[in-house]
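Ready for a few exercises? Take a look at the sequence and the model, try each task yourself, and then read through the worked solution.

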Amino acid sequence: MQVSNRVKDLPPYLFSEFQRKKKKLQKQGVDVIDLGIGAPDLPTPQFVIDKLIEEAKVSSNHRYSSYDGISDYRNAVAQHYRSHYGVELDPDSEVLTLIGSKEGIANLVQAVINPGDTVLIPDPGYPVYRTAIHLAGGVSEYLPLDQQNGYIPKFNLVPDQVKEKAKLLFLNYPSNPTSATVGLNTFLEAITFVRDNHMLLAHDAAYDLVTFGEYKAPSVLQVPNAKDNAIEFGSLSKSFNMTGWRIGYVVGNKTIIKAIATLKSNMDTCQFIPIQKAAATALKSDLSVVKENNAVFQERMEKLYGALHEIGMEVQKPKGTIFLWAKTPANHTSIEFSNMLLEKAGVIVTPGTAFGPSGEGYVRIALSVPIGRIDEVIDRLKKLDL
Ligand SMILES: *Cc1c(COP(=O)(O)O)cnc(C)c1O
(Lines give C-alpha, C1' and ligand atoms only; values in the text may rest on other atoms or scores of the structure.)
Protein backbone atom coordinates (compact mmCIF):
# COMPACT_ATOMS: atom_id res chain seq x y z
CA MET A 1 0.00 0.00 0.00
CA GLN A 2 1.06 3.57 -0.73
CA VAL A 3 1.40 6.12 2.03
CA SER A 4 2.02 9.84 1.60
CA ASN A 5 5.55 11.18 1.19
CA ARG A 6 5.01 13.40 4.21
CA VAL A 7 4.37 10.40 6.42
CA LYS A 8 7.07 8.31 4.73
CA ASP A 9 9.65 11.07 5.17
CA LEU A 10 9.06 11.55 8.90
CA PRO A 11 12.28 10.90 10.83
CA PRO A 12 12.46 7.48 12.49
CA TYR A 13 11.45 7.47 16.13
CA LEU A 14 14.79 7.65 17.92
CA PHE A 15 13.57 6.17 21.18
CA SER A 16 12.44 2.88 19.67
CA GLU A 17 16.08 1.71 19.42
CA PHE A 18 16.56 2.29 23.16
CA GLN A 19 13.24 0.62 23.96
CA ARG A 20 14.35 -2.46 22.00
CA LYS A 21 17.63 -2.61 23.93
CA LYS A 22 15.74 -2.04 27.18
CA LYS A 23 13.51 -5.08 26.53
CA LYS A 24 16.53 -7.21 25.60
CA LEU A 25 18.38 -6.27 28.79
CA GLN A 26 15.28 -6.80 30.93
CA LYS A 27 14.94 -10.30 29.45
CA GLN A 28 18.50 -10.95 30.61
CA GLY A 29 17.41 -9.94 34.10
CA VAL A 30 18.92 -6.43 34.13
CA ASP A 31 17.03 -3.94 36.33
CA VAL A 32 16.76 -1.10 33.81
CA ILE A 33 16.05 2.41 35.15
CA ASP A 34 14.39 4.56 32.50
CA LEU A 35 15.23 8.26 32.79
CA GLY A 36 14.29 8.79 29.15
CA ILE A 37 10.57 9.28 29.70
CA GLY A 38 9.64 12.95 29.48
CA ALA A 39 6.53 12.75 31.63
CA PRO A 40 5.86 13.01 35.37
CA ASP A 41 5.40 9.71 37.22
CA LEU A 42 3.24 11.15 40.04
CA PRO A 43 -0.53 10.59 40.14
CA THR A 44 -3.18 13.14 39.12
CA PRO A 45 -4.46 15.03 42.22
CA GLN A 46 -7.43 13.29 43.90
CA PHE A 47 -9.75 16.33 43.76
CA VAL A 48 -9.36 16.41 39.97
CA ILE A 49 -10.19 12.69 39.67
CA ASP A 50 -13.19 13.16 42.00
CA LYS A 51 -14.52 15.97 39.80
CA LEU A 52 -14.16 13.79 36.69
CA ILE A 53 -16.13 10.97 38.34
CA GLU A 54 -18.87 13.36 39.49
CA GLU A 55 -19.23 14.96 36.05
CA ALA A 56 -19.05 11.63 34.23
CA LYS A 57 -22.32 10.67 36.01
CA VAL A 58 -24.19 13.63 34.49
CA SER A 59 -25.81 12.45 31.26
CA SER A 60 -25.87 15.89 29.60
CA ASN A 61 -22.07 15.78 29.80
CA HIS A 62 -21.97 12.81 27.43
CA ARG A 63 -22.79 14.87 24.35
CA TYR A 64 -20.40 16.68 22.04
CA SER A 65 -18.60 19.61 23.62
CA SER A 66 -18.76 22.88 21.71
CA TYR A 67 -15.87 23.01 19.23
CA ASP A 68 -13.98 25.72 21.12
CA GLY A 69 -14.41 24.00 24.46
CA ILE A 70 -16.95 24.56 27.22
CA SER A 71 -17.09 28.07 28.72
CA ASP A 72 -16.39 26.71 32.23
CA TYR A 73 -12.95 25.62 31.09
CA ARG A 74 -12.16 28.69 28.98
CA ASN A 75 -13.23 30.92 31.89
CA ALA A 76 -10.97 28.94 34.23
CA VAL A 77 -8.01 29.48 31.88
CA ALA A 78 -8.77 33.22 31.73
CA GLN A 79 -9.11 33.38 35.53
CA HIS A 80 -5.80 31.52 35.92
CA TYR A 81 -4.05 34.04 33.63
CA ARG A 82 -5.53 36.93 35.60
CA SER A 83 -4.59 35.63 39.04
CA HIS A 84 -1.24 34.05 38.17
CA TYR A 85 0.13 36.44 35.53
CA GLY A 86 -2.02 39.57 35.79
CA VAL A 87 -3.01 39.06 32.13
CA GLU A 88 -6.59 39.75 30.96
CA LEU A 89 -8.02 37.38 28.34
CA ASP A 90 -11.41 37.30 26.65
CA PRO A 91 -12.47 33.68 27.26
CA ASP A 92 -14.57 33.65 24.08
CA SER A 93 -12.08 34.93 21.54
CA GLU A 94 -8.66 34.62 23.18
CA VAL A 95 -8.82 31.13 24.72
CA LEU A 96 -9.24 27.80 22.93
CA THR A 97 -9.45 24.34 24.51
CA LEU A 98 -6.93 21.85 23.12
CA ILE A 99 -6.73 18.06 23.27
CA GLY A 100 -3.24 18.50 24.73
CA SER A 101 -0.84 21.17 23.55
CA LYS A 102 0.91 18.79 21.13
CA GLU A 103 -2.29 18.69 19.08
CA GLY A 104 -2.45 22.49 19.19
CA ILE A 105 1.15 22.90 18.05
CA ALA A 106 0.59 20.63 15.03
CA ASN A 107 -2.68 22.38 14.13
CA LEU A 108 -1.21 25.88 14.61
CA VAL A 109 1.41 25.18 11.96
CA GLN A 110 -1.26 23.91 9.53
CA ALA A 111 -3.38 26.98 10.29
CA VAL A 112 -0.73 29.65 9.73
CA ILE A 113 1.78 28.54 7.11
CA ASN A 114 1.64 27.64 3.44
CA PRO A 115 3.84 24.94 1.88
CA GLY A 116 7.37 26.30 1.46
CA ASP A 117 7.06 28.82 4.31
CA THR A 118 9.86 29.08 6.84
CA VAL A 119 9.48 28.57 10.59
CA LEU A 120 12.19 29.30 13.20
CA ILE A 121 12.54 26.63 15.89
CA PRO A 122 14.79 26.27 18.93
CA ASP A 123 17.82 23.97 18.64
CA PRO A 124 17.92 22.00 20.87
CA GLY A 125 14.13 21.87 21.17
CA TYR A 126 10.99 19.76 21.46
CA PRO A 127 10.97 17.54 18.31
CA VAL A 128 7.25 18.08 17.60
CA TYR A 129 7.86 21.58 16.16
CA ARG A 130 10.03 20.17 13.39
CA THR A 131 7.74 17.26 12.52
CA ALA A 132 4.65 19.51 12.54
CA ILE A 133 6.37 21.89 10.10
CA HIS A 134 7.38 18.96 7.90
CA LEU A 135 3.78 17.65 7.86
CA ALA A 136 2.54 21.11 6.81
CA GLY A 137 5.08 21.25 3.94
CA GLY A 138 7.05 24.02 5.64
CA VAL A 139 10.76 24.57 6.08
CA SER A 140 12.38 24.52 9.55
CA GLU A 141 15.24 26.91 10.29
CA TYR A 142 17.09 26.38 13.55
CA LEU A 143 17.53 29.15 16.07
CA PRO A 144 20.77 27.91 17.66
CA LEU A 145 20.88 28.06 21.45
CA ASP A 146 24.00 27.48 23.49
CA GLN A 147 25.01 26.89 27.06
CA GLN A 148 27.27 29.97 27.19
CA ASN A 149 24.22 32.15 26.63
CA GLY A 150 22.00 30.14 28.99
CA TYR A 151 20.07 28.73 25.98
CA ILE A 152 18.58 32.19 25.39
CA PRO A 153 18.27 33.16 21.70
CA LYS A 154 20.61 35.72 20.18
CA PHE A 155 18.10 37.34 17.87
CA ASN A 156 20.66 39.74 16.40
CA LEU A 157 22.53 36.75 14.93
CA VAL A 158 19.57 35.51 12.85
CA PRO A 159 20.62 36.05 9.20
CA ASP A 160 18.64 38.66 7.23
CA GLN A 161 17.38 36.20 4.63
CA VAL A 162 15.99 33.95 7.38
CA LYS A 163 14.33 36.90 9.15
CA GLU A 164 12.71 37.98 5.89
CA LYS A 165 11.34 34.54 5.07
CA ALA A 166 10.24 33.29 8.50
CA LYS A 167 6.54 33.54 9.37
CA LEU A 168 6.54 31.90 12.75
CA LEU A 169 8.92 31.49 15.71
CA PHE A 170 8.61 28.82 18.40
CA LEU A 171 10.08 29.32 21.87
CA ASN A 172 9.75 27.10 24.95
CA TYR A 173 10.64 28.19 28.51
CA PRO A 174 11.04 26.51 30.97
CA SER A 175 12.61 24.39 28.29
CA ASN A 176 12.41 20.78 27.28
CA PRO A 177 15.15 19.48 26.92
CA THR A 178 17.61 22.06 28.34
CA SER A 179 15.54 23.06 31.42
CA ALA A 180 16.61 26.66 30.72
CA THR A 181 14.41 29.40 32.16
CA VAL A 182 14.13 33.09 31.30
CA GLY A 183 13.00 36.39 32.74
CA LEU A 184 10.38 38.62 31.14
CA ASN A 185 13.11 40.65 29.39
CA THR A 186 13.79 37.69 27.05
CA PHE A 187 10.13 37.69 26.02
CA LEU A 188 10.28 41.46 25.53
CA GLU A 189 13.20 40.95 23.13
CA ALA A 190 11.35 38.10 21.39
CA ILE A 191 8.22 40.23 20.91
CA THR A 192 10.30 43.09 19.51
CA PHE A 193 12.00 40.64 17.13
CA VAL A 194 8.76 39.15 15.79
CA ARG A 195 7.10 42.58 15.53
CA ASP A 196 10.03 44.03 13.56
CA ASN A 197 10.08 41.02 11.25
CA HIS A 198 6.34 40.44 10.79
CA MET A 199 6.25 37.02 12.43
CA LEU A 200 4.05 35.28 14.92
CA LEU A 201 5.60 34.10 18.20
CA ALA A 202 4.24 30.81 19.53
CA HIS A 203 5.43 30.26 23.07
CA ASP A 204 5.13 26.71 24.39
CA ALA A 205 4.61 27.02 28.17
CA ALA A 206 4.15 23.32 28.94
CA TYR A 207 6.28 23.67 32.13
CA ASP A 208 5.08 27.14 33.21
CA LEU A 209 4.09 25.95 36.69
CA VAL A 210 6.85 23.37 37.14
CA THR A 211 9.38 25.64 38.88
CA PHE A 212 11.57 25.53 41.98
CA GLY A 213 12.08 27.87 44.92
CA GLU A 214 11.36 31.55 44.38
CA TYR A 215 11.51 31.40 40.59
CA LYS A 216 8.23 32.10 38.79
CA ALA A 217 8.17 31.55 35.03
CA PRO A 218 6.78 34.55 33.12
CA SER A 219 4.07 34.40 30.46
CA VAL A 220 4.88 35.92 27.08
CA LEU A 221 1.52 37.72 27.32
CA GLN A 222 2.87 39.81 30.21
CA VAL A 223 4.76 41.83 27.61
CA PRO A 224 2.62 44.91 26.76
CA ASN A 225 0.58 44.38 23.56
CA ALA A 226 2.05 40.88 23.13
CA LYS A 227 -1.34 39.66 21.87
CA ASP A 228 -0.73 41.56 18.62
CA ASN A 229 2.04 39.11 17.71
CA ALA A 230 1.90 36.14 20.05
CA ILE A 231 0.07 33.10 21.27
CA GLU A 232 0.95 30.83 24.18
CA PHE A 233 0.32 27.12 24.62
CA GLY A 234 -0.42 25.67 28.04
CA SER A 235 -1.07 22.19 29.32
CA LEU A 236 -2.21 20.41 32.45
CA SER A 237 -0.04 17.41 31.50
CA LYS A 238 3.09 18.32 33.42
CA SER A 239 1.82 20.72 36.11
CA PHE A 240 -1.05 18.46 37.28
CA ASN A 241 0.34 15.06 36.21
CA MET A 242 -2.41 14.67 33.60
CA THR A 243 -0.50 13.52 30.50
CA GLY A 244 -3.05 10.85 29.60
CA TRP A 245 -6.08 13.11 30.03
CA ARG A 246 -5.19 15.15 26.93
CA ILE A 247 -6.15 18.63 27.99
CA GLY A 248 -4.43 21.95 27.22
CA TYR A 249 -5.15 25.39 25.81
CA VAL A 250 -3.88 28.12 23.53
CA VAL A 251 -4.31 31.79 24.42
CA GLY A 252 -3.49 35.14 22.81
CA ASN A 253 -3.97 36.61 19.33
CA LYS A 254 -7.63 36.38 18.28
CA THR A 255 -7.03 35.98 14.56
CA ILE A 256 -4.69 33.04 15.12
CA ILE A 257 -6.99 31.45 17.74
CA LYS A 258 -9.86 31.73 15.25
CA ALA A 259 -7.79 30.12 12.48
CA ILE A 260 -6.82 27.18 14.72
CA ALA A 261 -10.44 26.80 15.85
CA THR A 262 -11.69 26.77 12.24
CA LEU A 263 -9.15 24.14 11.23
CA LYS A 264 -9.89 22.03 14.30
CA SER A 265 -13.66 22.19 13.85
CA ASN A 266 -13.06 20.19 10.66
CA MET A 267 -10.91 17.61 12.42
CA ASP A 268 -12.09 17.02 15.99
CA THR A 269 -14.93 17.95 18.32
CA CYS A 270 -12.92 18.97 21.35
CA GLN A 271 -12.39 17.03 24.57
CA PHE A 272 -14.89 15.03 26.72
CA ILE A 273 -16.86 17.56 28.83
CA PRO A 274 -16.10 15.92 32.24
CA ILE A 275 -12.35 16.15 31.47
CA GLN A 276 -12.72 19.87 30.69
CA LYS A 277 -14.72 20.36 33.93
CA ALA A 278 -12.12 18.50 36.00
CA ALA A 279 -9.31 20.52 34.37
CA ALA A 280 -11.20 23.76 35.16
CA THR A 281 -11.27 22.70 38.82
CA ALA A 282 -7.53 22.10 38.74
CA LEU A 283 -6.79 25.54 37.24
CA LYS A 284 -9.13 27.31 39.69
CA SER A 285 -7.48 25.62 42.69
CA ASP A 286 -4.92 27.35 44.91
CA LEU A 287 -2.16 25.39 43.07
CA SER A 288 -0.91 23.91 46.36
CA VAL A 289 -0.80 20.44 44.75
CA VAL A 290 1.45 21.84 42.05
CA LYS A 291 3.80 23.18 44.73
CA GLU A 292 3.86 19.74 46.41
CA ASN A 293 4.73 18.08 43.09
CA ASN A 294 7.43 20.63 42.42
CA ALA A 295 8.96 19.90 45.82
CA VAL A 296 9.18 16.20 44.87
CA PHE A 297 10.90 17.00 41.56
CA GLN A 298 13.18 19.53 43.23
CA GLU A 299 14.36 16.99 45.82
CA ARG A 300 15.18 14.47 43.05
CA MET A 301 16.88 17.19 41.00
CA GLU A 302 19.04 18.43 43.91
CA LYS A 303 20.14 14.91 44.72
CA LEU A 304 21.07 13.91 41.18
CA TYR A 305 22.54 17.33 40.39
CA GLY A 306 24.80 17.08 43.46
CA ALA A 307 25.95 13.58 42.54
CA LEU A 308 26.66 14.44 38.89
CA HIS A 309 28.65 17.43 40.07
CA GLU A 310 30.66 15.23 42.43
CA ILE A 311 31.36 12.73 39.65
CA GLY A 312 32.71 15.63 37.60
CA MET A 313 29.94 15.88 35.02
CA GLU A 314 29.10 19.37 33.81
CA VAL A 315 25.48 20.25 34.49
CA GLN A 316 23.54 23.46 35.26
CA LYS A 317 21.16 23.53 38.20
CA PRO A 318 17.69 24.15 36.76
CA LYS A 319 14.96 26.43 38.14
CA GLY A 320 12.22 24.33 36.61
CA THR A 321 11.06 21.35 34.48
CA ILE A 322 11.60 17.66 35.25
CA PHE A 323 14.94 17.42 33.44
CA LEU A 324 18.66 17.75 33.96
CA TRP A 325 20.65 18.63 30.84
CA ALA A 326 24.18 17.31 31.24
CA LYS A 327 27.33 17.53 29.16
CA THR A 328 28.68 14.10 28.23
CA PRO A 329 32.02 13.31 29.91
CA ALA A 330 35.31 12.70 28.08
CA ASN A 331 34.04 14.10 24.77
CA HIS A 332 31.70 11.17 24.20
CA THR A 333 29.04 11.80 21.57
CA SER A 334 25.47 11.87 22.89
CA ILE A 335 24.72 8.48 21.36
CA GLU A 336 27.94 6.86 22.59
CA PHE A 337 27.37 8.04 26.14
CA SER A 338 23.68 7.07 26.18
CA ASN A 339 24.54 3.60 24.85
CA MET A 340 27.30 3.20 27.40
CA LEU A 341 24.99 4.17 30.28
CA LEU A 342 22.42 1.64 29.14
CA GLU A 343 24.87 -1.20 28.55
CA LYS A 344 27.14 -0.68 31.58
CA ALA A 345 24.73 0.82 34.13
CA GLY A 346 21.27 -0.19 32.90
CA VAL A 347 20.23 3.49 32.88
CA ILE A 348 18.34 5.05 29.98
CA VAL A 349 18.86 8.74 29.20
CA THR A 350 17.97 10.59 26.00
CA PRO A 351 20.81 11.60 23.64
CA GLY A 352 20.82 15.36 23.12
CA THR A 353 20.84 14.93 19.35
CA ALA A 354 17.21 13.73 19.56
CA PHE A 355 16.40 17.44 20.06
CA GLY A 356 18.45 18.88 17.20
CA PRO A 357 22.11 19.14 16.09
CA SER A 358 23.05 21.54 18.92
CA GLY A 359 22.16 18.78 21.39
CA GLU A 360 25.37 16.96 20.42
CA GLY A 361 27.58 16.44 23.47
CA TYR A 362 24.64 16.48 25.89
CA VAL A 363 22.07 14.09 27.34
CA ARG A 364 18.65 14.78 28.84
CA ILE A 365 18.01 13.05 32.15
CA ALA A 366 14.36 12.92 33.23
CA LEU A 367 13.60 13.00 36.95
CA SER A 368 10.57 10.77 36.54
CA VAL A 369 11.45 8.00 39.04
CA PRO A 370 11.13 7.92 42.86
CA ILE A 371 14.02 9.15 45.01
CA GLY A 372 15.07 5.58 45.89
CA ARG A 373 15.66 4.86 42.21
CA ILE A 374 17.62 8.13 41.89
CA ASP A 375 19.87 6.82 44.69
CA GLU A 376 20.33 3.60 42.73
CA VAL A 377 21.22 5.58 39.57
CA ILE A 378 23.82 7.52 41.58
CA ASP A 379 25.37 4.28 42.94
CA ARG A 380 25.63 2.85 39.45
CA LEU A 381 27.12 6.04 37.98
CA LYS A 382 29.75 6.19 40.73
CA LYS A 383 30.83 2.64 39.94
CA LEU A 384 31.31 3.52 36.26
CA ASP A 385 34.33 5.70 36.95
CA LEU A 386 33.42 8.31 34.32
C1 LIG B 1 5.07 17.42 27.06
C2 LIG B 1 5.28 18.61 26.18
C3 LIG B 1 4.24 19.09 25.36
C4 LIG B 1 2.97 18.34 25.11
O5 LIG B 1 2.12 18.30 26.14
P6 LIG B 1 0.62 17.79 25.97
O7 LIG B 1 -0.19 18.94 26.46
O8 LIG B 1 0.54 16.57 26.81
O9 LIG B 1 0.36 17.51 24.52
C10 LIG B 1 4.45 20.25 24.63
N11 LIG B 1 5.63 20.89 24.68
C12 LIG B 1 6.65 20.46 25.43
C13 LIG B 1 7.92 21.20 25.42
C14 LIG B 1 6.51 19.29 26.19
O15 LIG B 1 7.55 18.84 26.90
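**Exercise 1.** How many residues does the largest nonpolar core have, and which of them have the most contacts inside it?

*Solution.* Keep in mind that you're working with a predicted model.

Step 1: count the members. The largest nonpolar core has 58 residues, and those with the most contacts inside it are Tyr 73, Tyr 81, Leu 120, Leu 169, Leu 201, Leu 236 and Phe 240.

Step 2: see who supplies them. At least two core residues come from each of helix H4 (71–85), S5, H8, strand S8 (248–252), helix H10 (273–284) and helix H11 (288–311). H10 gives the most, with seven residues.

Step 3: place the core. Both domain 1 (5–43 + 288–383) and domain 2 (46–283) give residues to this core, so it lies between them.

Step 4: zoom in on one member. Once you skip the neighbours within four places in sequence, the contacts of Tyr 73 are Thr 97, Leu 236, Ile 247, Gly 248, Tyr 249, Gln 276, Ala 279, Ala 280 and Leu 283.

Step 5: look for another core. There's a second, separate one of 34 residues, and it includes Leu 42, Ala 326, Phe 337 and Leu 341.

**Exercise 2.** Work out which residues of H8 are buried, and where they sit around the helix axis.

*Solution.* Step 1: check the helix itself. H8 runs over residues 184–196, which makes 13 residues. From first C-alpha to last it reaches 18 Å, close to the 18 Å expected at 1.5 Å a residue.

Step 2: list the buried residues. In H8 these are Thr 186, Phe 187, Ala 190, Ile 191, Phe 193 and Val 194. They cover an arc of only 160° around the axis, which puts them on the same side of H8.

Step 3: turn to the other face. Pointing away from the buried side of H8, you'll find the exposed residues Asn 185 and Asp 196.

Step 4: find the packing partners. The buried residues of H8 pack against strands S3 (118–123), S5 (166–171), S6 (200–204) and S7 (230–235), along with helix H7 (160–165).

Step 5: step off the end. After H8 comes His 198, with a positive phi near 55°.

**Exercise 3.** Do the same for H11: compare its span with the expected one, then say what its buried residues pack against.

*Solution.* Step 1: do the length check. H11 has 24 residues, which at 1.5 Å a residue should span 34 Å; the end C-alpha atoms are 35 Å apart, so the two agree.

Step 2: pick out the buried residues. Among them are Val 289, Asn 293, Phe 297, Arg 300, Met 301, Tyr 305 and Leu 308.

Step 3: name the partners. The buried residues of H11 pack against helix H3 (46–56), strand S9 (323–327), strand S12 (362–366) and helix H13 (371–384).

Step 4: see what follows. Gly 312 comes after H11, and its phi is positive, near 100°.

**Exercise 4.** Zoom out and describe the whole protein and its two domains.

*Solution.* Step 1: take stock. The protein has 13 helices and 12 strands, and buried residues make up 55% of its 386 residues.

Step 2: test the overall shape. A compact globule of 386 residues would have a radius of gyration near 21 Å; the protein has 21 Å, so it fits.

Step 3: relate the domains. The C-alpha centres of domain 1 and domain 2 lie 25 Å apart, and 34 residues of domain 1 are in contact with 35 residues of domain 2.

Technical notes: Residues are numbered from 1 along each chain as its sequence is written. This is a predicted model: local features need pLDDT of at least 70, side-chain atom pairs count only at pLDDT 80 or more; totals for chains, interfaces and linings use all residues. Side-chain values use heavy atoms; hydrogens and water are left out. Helices (H or I, at least four residues) and strands (E, at least two) are DSSP runs, numbered from the N terminus. The expected span of a helix is 1.5 Å times one less than its number of residues. Buried means under 20% relative accessible area, exposed over 50%, partly exposed in between (1.4 Å probe, protein chains only). The arc is that of the directions from the helix axis to the C-beta atoms. Contact means heavy atoms within 4.5 Å. A nonpolar core is a set of buried Ala, Val, Leu, Ile, Met, Phe, Trp, Tyr and Cys residues joined through side-chain atoms within 4.5 Å. Domain bounds come from an automatic or database domain assignment. The radius of gyration is taken over C-alpha atoms; the globule rule is 2.2 Å times the number of residues to the power 0.38.
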